[in-house]
Amino acid sequence: MKVGATRPLTQVGIFLLFFIVPLLDLFRMDLNQLQFYVFRKSFSFNEAYILLLSVLLLVFFFVGISKWFGRQFCGWMCPHNTFSVYIAKITGTDKLKSSPTLRQFLNIFLSVLFAPIIAFSMVAYFFNPITLFQEIISLQWNSWAFGAYALLVLFFFVMIFKLRSNFCRNACPYGMFQMILSDKDSRPGGFKNMFRGAGLVLLIIVVSLMGLLGFSIYSSSGFSVSIDKKIQGIPTEEYLTYTYGLSIHNNYNRKVTYAIDYQGIPADWDVKVPKQISVSSSVTHSETMMFRVDKHSLNQNYSILVTIRSDDGHLIEKQLNIYPVAPK
Ligand code: SF4
C-alpha cells in the first residue's frame, strides 16, 4: 500500500470507528443500568476495576502516542480533525469560493446535518443507543440523556459551523497536552522512541495494562450476587424464621442458568431456598431464601456458605451468618 493512501484510510477508518464503537458495544457505559461494555462483554459497576483498567489503557496509549510520535494523533487519528479537513475540502472548492452565499448555505446545511449525528454518538458512549434513539424520536424532554443530547447538538453545531480548527488552537486539552509531552525525539516514524527512556516506560505500562485488561475480561464471572437481610428471628410455631433476598445480576447478552449450593445448614432446620435460577440477559433476578431455625439451635452462630455457579462454570461464593436468639 502506498504511504500516500495510508493516512486518509487511517483517518476515515478511525472516524468511522468513533461511531461504530458504542453501537457495537465495543466500549461504552450505560449509566442508567449501571453497566459498561468492553469488547461486547457487559459488566456491572461492581467490576469497576475493568472500567478503570480500560480508561487507564486509553490514557497511557494517547500519552504514549505523543511521546513516541509527537503531534501525530491530530493528523492521523483525531475524528475532529478528519471531519474538519473534509468539510473544508467540500466547502473550499473554487466554485464555492466565488459564491459566498452558496458557501454559507452549504456550511449551515452540513452543520445541521452532522451535529445531531455526532451528538448522538457522543451520548451513546454513556447511554443505551437504542433507548437514546427512541427517546429522541419521541422527544422525551424529561430524560437526562435527551437533555445531554440537545446540549451536544448545539455544541457541535457551533463547532462545525464556527470553531473547527480554532477549537484545536484554543481549547483542546489533548492538543495542549501533546505539546507538553512531545520532545525533540518525538516525530513521525519515531518507533525507536518506544524502546528508550520514558517512551520505553510508557510502552511497558501500555502492554501491562493490555495484559491485565485481557485477563480481567477473560476471568470475569459475568454476573454479580448480593444477599440482603429481610425477616430476622420472627417466631412461627416451633421455629424462628429468617429470610434473605438473593439477587443475581446477569451481565451476559444471553439467558444464564445458575445452580445454587448451600453448605452448613443444620439438618433440623426447615429451609426453602432456590436451587436453580434462570436470569435473562442484563437483568437482576431476586428470590427469597427462608431458614426456619428449630429451638434447639439457639445461641450459637451458623455460617452458611452459598455457592452460585453459572452454566459456563464461573462461581461466586457468599457467606451468611445466622445467630438465632430466643425471643424475649
Ligand atoms: S488539537 Fe485536539 S481536536 Fe484538534 S486535532 Fe488535535 S486532538 Fe483533535
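Is Asp 228 buried or exposed, and how many other C-beta atoms lie within 10 Å? In this predicted model, Asp 228 is exposed, because 10 other C-beta atoms lie within 10 Å and a residue counts as exposed at 12 or fewer. The residue belongs to strand E4, which covers residues 223-236. When neighbours within four places in sequence are left aside, Asp 228 is in contact with Tyr 244 and Gly 245. Its C-alpha atom is separated by 52 Å from that of Trp 76, and the two residues are 152 residues apart along the chain.

**Domains**

The protein is divided into domain 1, residues 3-219, and domain 2, residues 223-322. A distance of 45 Å lies between the C-alpha centres of domain 1 and domain 2. Contact between them involves six residues of domain 1 and five residues of domain 2. On the side of domain 1 that touches domain 2, strand E3 gives the most, with three residues. By class, that side of domain 1 has one nonpolar residue, five polar residues and no charged residues.

**Strand pairs**

Two antiparallel pairings are set out below.

| Strands | Residues | Bridges | Residues opposite each other |
|---|---|---|---|
| E2 and E3 | 35-38 and 41-44 | four | Phe 36 and Phe 43 |
| E6 and E10 | 256-263 and 302-310 | six | Ile 260 and Ile 308 |

Strands E2 and E3 form a hairpin with two residues between them. In the turn of this hairpin, Phe 39 has a positive phi of about 50°.

Strands E6 and E10 also take part in an open sheet of four strands, whose order is E8-E6-E10-E11 and whose pairing is antiparallel. The edges of this sheet are strand E8 (276-279) and strand E11 (315-322); each has a single partner strand, so one side of each is left without a neighbour in the sheet. From one strand to the next, the twist averages 25°. In a regular strand, side chains alternate between the two faces of the sheet.

**Helix H4**

What span should the 13 residues of helix H4 have at 1.5 Å a residue? Helix H4 comprises residues 79-91 and should span 18 Å. The expected span is taken as 1.5 Å times one less than the number of residues. The end C-alpha atoms of H4 are 18 Å apart, which agrees with the expected value. Within H4, the residues His 80, Asn 81, Thr 82 and Phe 83 are buried, whereas Asp 228 in strand E4 is exposed.

Notes: Residues are numbered from 1 along each chain as its sequence is written. This is a predicted model: local features need pLDDT of at least 70, side-chain atom pairs count only at pLDDT 80 or more; totals for chains, interfaces and linings use all residues. A residue is buried if 20 or more other C-beta atoms lie within 10 Å of its own, exposed if 12 or fewer, and partly exposed in between; C-beta atoms are placed from the backbone. Two strands pair if DSSP finds at least two bridges between them. Axes are lines fitted to C-alpha atoms, for helices over the stretch in contact, and angles run from 0 to 180 degrees between N-to-C directions. Domain bounds come from an automatic or database domain assignment. Two residues are in contact if their C-beta atoms, placed from the backbone, lie within 7 Å. Ala, Val, Leu, Ile, Met, Phe, Trp, Tyr, Cys and Pro count as nonpolar, Asp, Glu, Lys and Arg as charged, and the others, Gly among them, as polar.
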